[in-house]
Amino acid sequence: MSDVKPFMLGKLTWQEAKALFEETDIAIIPVGSQEQHGPALPLDNDSFQAQEFAYLVADKLWPNIKTAVTPLISYGVSPHHMPFSGTITLRHETFIDLIVDVGKSLTKHGAKKLIVMNSHGGNTAALSIALRKLHDEEGLWCVGIEWWKITEDLVKETFDPPHFHADEMETSVAWALGQRVLEDKRVDEPGREPVPGFTKATMFPSQPNIMPVWDTTDFTDSGTIGYATRADPKKGQKVVDEAVKRIVSFIEKVVEI
Ligand SMILES: [Zn+2]
C-alpha cells in the first residue's frame, strides 16, 4: 500500500498523532525480519508481509475503528539464517528491548492496547517475553498475531506441506501481497530431517516433533524448505483475504473489552 493513509503514524505530524491518539488507544506494530528467503523471494519478505497485513487491516477498520500503525520494525531474530548472504539478525535481548521501548513510548501517547503483527517465526519467543514485560510493567494489553497461525485450517487445505520457509504457502502469500517474486528461480526442497524420523520442518506440528536448536542449513541448501514452484498468487490471495477478515473481526472485539 503506497498511498499515505491517516493511520500511518510515521506519516503524521506530531499534532496529527496527538489527535489520532485522542480517538484511539490501539496501536499496531508490524514486525518482520531481514533474512534469506531462498532464490525466489527477497530478504525483506517477512517485513514486507507484516507491513502489508498491518495496513490492510487498519484500512479495513478505518474510520469505524481507528488504529495507529507504527513504522515497520524491519529487523528480527534470525541467527539460524546467518550463513546466507544479506541476512541481518538482532540478538534476542535487542529485540525484546526494542519492542519494549516502542511499546513504552506508545503508552506515553495514549496507547492502551498493543497489537504486534509478526511475520517471522524466529521472533515469536522473544516477542512473547517483550509483550509479557509490557503487560506486567506498563499495564498494556498486548497480543502478537501471526497470519499463518490464524489461518492454519485454510493454509493446510490450500498448500502442500511442508509449511515452513519460502515454500508454496509463503511464496503464494507474498506474491498476493505484491512482493517481488523471481518466478523462474523458484525451487522445491522438501527439507532434510536433522534427526531422521523425529524432526520435520513444519510450522504446525500435529504429531510429536522433537526439534533441537537448528540452523536453516540443517534442512536446506537453497534456503527454501517446501515446494515454491507450486506457489500461486490466487491461492495466496485467499489466505490474505481470510487473514485480514479474521484479524479485523478480532480487533472489533478487542475494542469492546
Ligand atoms: Zn518468511
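Me: Two residues count as in contact if their C-beta atoms, placed from the backbone, lie within 7 Å. In this predicted model, which elements do the buried residues of H3 pack against?

Reply: The buried residues of H3 pack against three partners by that criterion: strand S1 (26-31), strand S3 (113-118) and helix H4 (124-138).

Me: Which residues of H3 are called buried, and what makes them so?

Reply: The term requires 20 or more other C-beta atoms within 10 Å of the residue's own. In H3, Phe-95, Ile-96, Ile-99, Gly-103 and Leu-106 are buried, and therefore satisfy that threshold. These residues lie on the same side of H3, because they cover an arc of only 100 degrees around the axis.

Me: What is found on the other side of H3?

Reply: Glu-93, Asp-101, Ser-105 and Lys-108 are exposed there. Exposed means 12 or fewer such C-beta atoms, so these four residues fall at or under that limit.

Me: How does the span of H3 compare with the expected one?

Reply: Helix H3 comprises residues 92-109, 18 residues in total. The expected span is 1.5 Å times one less than the number of residues, which gives 26 Å for H3; from its first C-alpha to its last, the helix reaches 26 Å, close to that expectation. Just after H3, Gly-110 takes a positive phi of about 120 degrees.

Me: What makes S1 and S3 paired strands?

Reply: Pairing demands at least two bridges. S1 and S3 are joined by 6 bridges, so the condition is met, and the two strands run parallel. Within this pairing, Pro-30 stands opposite Met-117 in S3.

Me: Why is the sheet containing these strands called open?

Reply: The sheet has 4 strands in the order S2-S1-S3-S4, with parallel pairing. Strand S2 (68-69) and strand S4 (141-145) stand at the edges; each has a single partner strand, so one side of each is left without a neighbour in the sheet.

Me: What radius of gyration does the protein chain have, and what is it set against?

Reply: For 257 residues, a compact globule would have a radius of gyration near 18 Å. The protein chain has 18 Å, which agrees with the rule. Along the principal axes, its C-alpha atoms fill a box of roughly 55 × 35 × 35 Å. Buried residues make up 46% of the chain.

Me: What share of the contacts joins residues 24 or more positions apart?

Reply: Such pairs account for 78% of the contacts with a separation of 6 or more. The chain itself has 8 helices and 6 strands, running from the N terminus as α-β-α-β-α-β-α-β-α-α-α-β-β-α.

Notes. Residues numbered from 1 in each chain as written. Predicted model: local features only at pLDDT ≥ 70, side-chain atom pairs only at ≥ 80, totals over all residues. Arc of directions from axis to C-beta. Rg over C-alpha atoms; globule rule 2.2 N^0.38 Å.
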